[in-house]
Amino acid sequence: MWYNRFHWRKGDVRQDRRESKKMENTRIDELLRAAEPLIELAIAEDIGPGDATSEATLPADGFLQGRIVAKETGVLAGLPVAKALFHRVEPALEFVAHATDGQEVVPGELVAEVSGPARGLLAAERTALNFLQRLSGIATLTRSFVDAVACSAAGVLDTRKTPPGYRVLDKYAVRVGGGQNHRMALYDMVLIKDNHVDAAGGILPAVELARAAHPELSIEVEVRTLDELRQALELDPPLDRILLDNMSPEQMREAVLLASDRVPLEASGGVTLDRAAEIAATGVDYLSVGALTHSVKALDLSMKIAKPGVRPDKTDPEARIASAKATLGKRLVILGHHYQRDEVLGFADFRGDSLKLARDASETTAEFIVLCGVHFMAETAAILARPGQHVLSPDPSAGCYLADSATPESVQGAWEHLPADEYTPITYVNSSARLKAFCGQHGGIVCTSGNAERAIRWALAQRPRVFFFPDQHLGRNTARRLGIAVEEMVLWDTRRPPDAEAIRRAKVILWPGACNVHQRFRPQQVQVLRQRLPGVRVVVHPECPMEVVDLADDVGSTAHIIAQVEAAPPGASWAIGTEARLVQRLQANHPRQQIMSLANVPPFCRTMSQITVQNLANLLDALVVDGRIANQVTVDAETARWARVALDRMLAL
Ligand code: SF4
C-alpha cells in the first residue's frame, strides 16, 4: 500500500518503504489468518456436503475458466481472501489476479481469472465473490470519503461497527481505501464515553481511573459540549485524542481554536459523505465514519464462465496483441500516454504526452494508429494524421474530465459576451477538436503545459487580452509567471457571466475547468511532507491549484517532471504532484532515488484506466481476425483544417 501520512516519520524514505512493505505483508498474513474461520464458515454454510447442481450436471473431470469482471467503478479489496477461498474449496484451481487491492476498476475491467476443475470453481464462485464484493464495497466507500476530505489534512477513521468475525477484514478494506483504523477493539485503547464519564463522576476522575488501570494504553475522551472540551483540554499530561460528539460545524471550528493543536480532535456522529468536506474544513484532525463498515454497498463484480471444455488460452489477451502486432508489422503503430497502465504501455511503440504521440504517429507510414489514451488525444492524432492513416481507440468512450468541462457550445456562448477584437482565444491541447478549430477560426492558438507561457505571450501580442480554456489552473499559473496579477484574471461563471466592466478590465479570462487528477493536490500535502521529510523536492504539474504551485520547488509538464527525475543523482528525494501511474513508474525506474506521490492517496486518471489489454486485444482482433476497422476516431475535414491552423500557430512559436 502507498504511504499514509499519519504513519510517516522523519528519516530514510526507502527504509520507510521497505518497512511499510514488510508491515503490509504482515497485515496480509494477519488478514488471511482472520479470514480462515470465516472461509470455513462460508463453505460449511454454502456448500455443506456438496454442490448438488454442479455435481449432477458437470463431469467430474470437467474444466472451466472463470473471469471475475467489474460491473461498476470502485476500489478493489480482498483479492487475497478470494484466492484463499478458491484454493480451500479446490486446491487445483489456479487464481491469476489482473488487478491489485487498492486499484480503481471500471466497468468491464478484468479483475482475476480462475481456472481448473469445473465443479470446484462453481462451488466456490459465490462465496469468493461475497468476500470480494463486501471488502471492495468498503474500500470504495472509504475512498469516496478520503476524496471528499482531500481539501484538508483530516484523516478518515473507521469504527467497531463490523459484523462478528469481520473486524480484521473490514478494517483491512478501510486501509486499502485510504482510510485509517481507529482502535481494533475494547482492549487496545481507552475511549471514555459519556456513560463512563457519568459513572466516574466527571471527565477528570474517569481519566485518572483509566490512567491508573492502563498506563500503557492511549486515552481518548468523548465530549458533547465546548465546556466538556475545555475540561478535557486542561488535563495534564494531555489526552491522546478528543472525540467531538455530534457537534455542529460552528462548534467544531470553535473546538479547533480551543485545542490549538494540543490534542488531536476527532469528529463523530452524523458524518455523511455529503457533510464530510464541510466537517473536514473546520480543521478537525479525523472524521470517524461508522458507515464505512455498517452500511456497506457491495461493489458489483461478477464471474463470467467460459464455455465448458474450452481450455483457457493462458497467454490471452497479451498473446493476441503480440500476434496482431506481428501480423500487421509496420501497418500498425500503438501509442501509449504516460498515465496509461503498465501492461498496456508494454505494447506501445511510442510513449509520451498527447501532442508528442500524435506527431510521432504522423511521421510513420502506419495505416492503423491505435491511441491508448483518452478521446481528445485520439482526435489530436486524427487531426495530424496523414491521408490514409486511421486512428483507433480501444475504448472511444474514455473521455477527459477536463476536456469535457468546456463544450464548444458553452465556449461559444461565453465568447459572444466578449469584444472579439480585444481577446485572443487559447485552448489547452486537452480539449476537443472543435475547440481547437474555434481557436483556429478566431485568430487563437493551442498550447501544451510545456509551452503555455510562450502561447500566452504570443496571444497578448495579437490582442490585449486572453480567453484561456479549459484548464483554469494552467491558465492562472502561467499568467502569474508572466507577471499578470490574480486580480487581473476573471474566472468565467457559466451561470452568471461577469459584467461588461469586469470583462473590459480583465487581462485574462479563465474557463472554470480543471483536471480531475491534478486539482486534487492540496497545499496542506506539501506542508505535511516538508515537515516529515526535510529536504524533499516538491515538483508539481501546472494543472495543480495555484496554492500548491506556490509551495512547490518546481512546476512543469509531465515531460519536464520526467526529465528532472532522470537528471537527478542517486539519493535525490522527490514528492511529485501528478498522476499516480507515472509516479509509480518513476519509482520503479529510479530505485536509488526516493520518489513518492505528493498525495497520501495518489490520484489515478480514471478515464485513462478504461484502456485495458482486453479492449486493446479486441480492437486488434477486429482488424486481424475479422478484417474490420473498429472504434475509429475521426474529425471532419473542416474542423480538422481549422484545428490545424491553431496547432500550426503553436508549432511555429
Ligand atoms: S489526467 Fe486529467 S487532463 Fe489528463 S486525461 Fe485524465 S482527467 Fe484529463
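**View 1. Cysteine 447 and cysteine 544 are buried cysteines in a predicted model that holds zero disulfides**. In this predicted model, cysteine 447 counts as buried because its relative accessibility is 0%. The cysteine sulfur closest to that of cysteine 447 belongs to cysteine 439 and lies 9.0 Å away, which is too far for a bond. Cysteine 544 is likewise buried, with a relative accessible area of 0%, and the closest cysteine sulfur to its own, in cysteine 515, is 8.2 Å away, again too far for a bond. A disulfide would need two cysteine sulfur atoms within 2.5 Å, and the structure as a whole holds zero disulfides.

**View 2. Ten named residues, from Tyr339 to Cys605, surround the ligand**. The shell takes in Tyr339, Val374, Cys400, Tyr401 and Asn430, and it continues with Cys515, Asn516, Val517, Glu543 and Cys605. Cys515, whose sulfur is the closest cysteine sulfur to that of cysteine 544 in the first view, is thus one of the residues that surround the ligand. By residue class, the shell around the ligand divides into seven nonpolar residues, two polar residues and one charged residue.

**View 3. The largest cavity has a volume of about 250 Å³**. A search of the whole structure finds three cavities of 30 Å³ or more, and the largest of them is shown here. Its lining is made up of 23 residues, among which Val146, Asp147, Ala150, Asn600 and Val601 are the closest to the centre of the cavity. Two elements, α4 (118-148) and β6 (155-157), each give two or more residues to this lining, and α4 gives the most, with three residues. The lining of the largest cavity divides into ten nonpolar, seven polar and six charged residues.

**View 4. Threonine 127 is a buried residue of helix α4**. Helix α4, which also contributes to the lining of the largest cavity, contains threonine 127. This threonine counts as buried because its relative accessibility is 4%. A polar atom of the side chain of threonine 127 lies 3.2 Å from the backbone oxygen of alanine 124.

**View 5. Proline 237 and proline 470 each follow a cis peptide bond**. Aspartate 236 and proline 237 are joined by a cis peptide bond whose omega is about 0 degrees, and proline 237 is placed in the loop between α8 (226-233) and β9 (241-245). Elsewhere in the chain, the peptide bond that runs from phenylalanine 469 to proline 470 is also cis, with omega near -10 degrees. Proline 470 has its place in the loop between β19 (465-469) and α20 (472-481).

**View 6. Asparagine 246 and serine 260 have positive phi values although neither is a glycine**. For asparagine 246, phi is near 50 degrees, and the residue is placed in the loop between β9 and α9 (249-259). With a relative accessibility of 53%, asparagine 246 counts as exposed. Serine 260, with a phi of about 30 degrees, is found in the loop between α9 and β10 (265-268). At 46% relative accessibility, serine 260 counts as partly exposed, because a residue must be over 50% to count as exposed.

Terms used
Residues are numbered from 1 along each chain as its sequence is written. This is a predicted model: local features need pLDDT of at least 70, side-chain atom pairs count only at pLDDT 80 or more; totals for chains, interfaces and linings use all residues. Side-chain values use heavy atoms; hydrogens and water are left out. A residue is near a molecule or strand if one of its heavy atoms lies within 4 Å of it. Ala, Val, Leu, Ile, Met, Phe, Trp, Tyr, Cys and Pro count as nonpolar, Asp, Glu, Lys and Arg as charged, and the others, Gly among them, as polar. Buried means under 20% relative accessible area, exposed over 50%, partly exposed in between (1.4 Å probe, protein chains only). On a 1 Å grid over the protein atoms alone, a cavity is a set of points where a 1.4 Å probe fits but cannot get out, and a pocket is an open set with protein on both sides within 12 Å along at least five of seven lines; lining residues have an atom within 4 Å of a point. Grid points are joined across faces, edges and corners, and a volume is the space filled by probe spheres set on the points. Helices (H or I, at least four residues) and strands (E, at least two) are DSSP runs, numbered from the N terminus. A polar contact is a pair of N or O atoms within 3.5 Å; within protein, one must be able to donate a hydrogen and the other to accept it, and residues adjacent in sequence count only if both atoms are side-chain atoms.
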